[in-house]
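Q: Here is a structure I'd like to understand better. Please zoom in on one part for me, the largest nonpolar core, and tell me what it is built from.

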Amino acid sequence: MGQALPKPALRPYLAEDTPVLAAIFVASIEQLTGDDYSEAQQEAWASAADDEEQFGKRLASQLTLIATLQNSPVGFASLKGADHIDMLYVHPSAVGQGVGSMLSEALEKLAGGRGAKSLTVDASDNALEFFSRRGYEAKQRNTVTVNGEWLANTTMQKTLGDGAKPGAPT
Ligand SMILES: CC(C)(COP(=O)(O)OP(=O)(O)OC[C@H]1O[C@@H](n2cnc3c(N)ncnc32)[C@H](O)[C@@H]1OP(=O)(O)O)[C@@H](O)C(=O)NCCC(=O)NCCS
């Protein structure tokens, strides 16, 4: 019988996690988005982590969760305000194991807890399929400039369930 794969766990972000999250961010962009973005676009996108202090401020200003496998960070996601996913990145060595799903599910619950009725994300082209499988609908196509490069993404939205609402019919 084969060994069971270790299960990912979640924990909140701490300031000292910044370097490892910056490394996950860069590796994820460099290795997972090449089918949809040019090298110049990937470099511009990844450059958001060049200034670690700034990157740490962005992580700290949002509700940032870290996914770990055997206590090592393998992915992270952040909720901006009550209802927008700003970042969701999984290390290439850990993709396809449910880490992204676990992170986005946790953010959906936290957004619901903050009173959000729906959740939006500006999804990269490579993450479109991932989000649409999770019930997000494409609303608007965008083109944004990042460090001098134009990048396309899609604003997607998911209506959050109200099954837990007190008094809802059973
Ligand atoms: C998108 C991303 C977060 C997915 O993470 P992940 O840990 O591999 O996701 P999961 O293992 O939870 O996958 C969930 C489902 O989505 C599917 N899926 C994941 N990434 C996919 C992709 N790029 N294309 C198509 N399907 C994908 C999986 O096959 C899986 O399907 P299943 O439930 O039928 O098995 C990861 O690929 C990533 O970090 N991408 C690069 C960074 C990025 O673009 N982030 C989004 C910024 S908005």
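A: Let's start with the whole protein and then move inside. This is a predicted model, so local features need pLDDT of at least 70 and side-chain atom pairs count only at pLDDT 80 or more, while totals for chains, interfaces and linings use all residues. Residues are numbered from 1 along each chain as its sequence is written, and side-chain values use heavy atoms, with hydrogens and water left out.

The protein has 5 helices and 7 strands (DSSP runs: H or I of at least four residues for helices, E of at least two for strands, numbered from the N terminus). Of its 170 residues, 42% are buried, meaning under 20% relative accessible area with a 1.4 Å probe, protein chains only.

Now the core itself. A nonpolar core is a set of buried Ala, Val, Leu, Ile, Met, Phe, Trp, Tyr and Cys residues joined through side-chain atoms within 4.5 Å. The largest one here holds 24 residues, and Ile85, Leu119, Val121, Phe131 and Tyr136 have the most contacts inside it. At least two residues come from each of β2 (63-69), β3 (72-80), β4 (84-90), α4 (99-113) and β5 (118-124), with α4 giving the largest share, 5 residues.

Take Val121: skipping neighbours within four places in sequence, Val121 is in contact (heavy atoms within 4.5 Å) with His84, Ile85, Phe131, Tyr136, Thr154, Thr155 and Met156. Apart from this core lies another, of 17 residues, including Ile66, Phe76, Met87 and Tyr89. In soluble globular proteins, nonpolar side chains tend to be buried together.

Contacts like these often span the sequence: among contacts with a separation of 6 or more, 65% join residues 24 or more positions apart.

Note on methods: Buried < 20%, exposed > 50% of the residue type's maximum accessible area, 1.4 Å probe, protein only.
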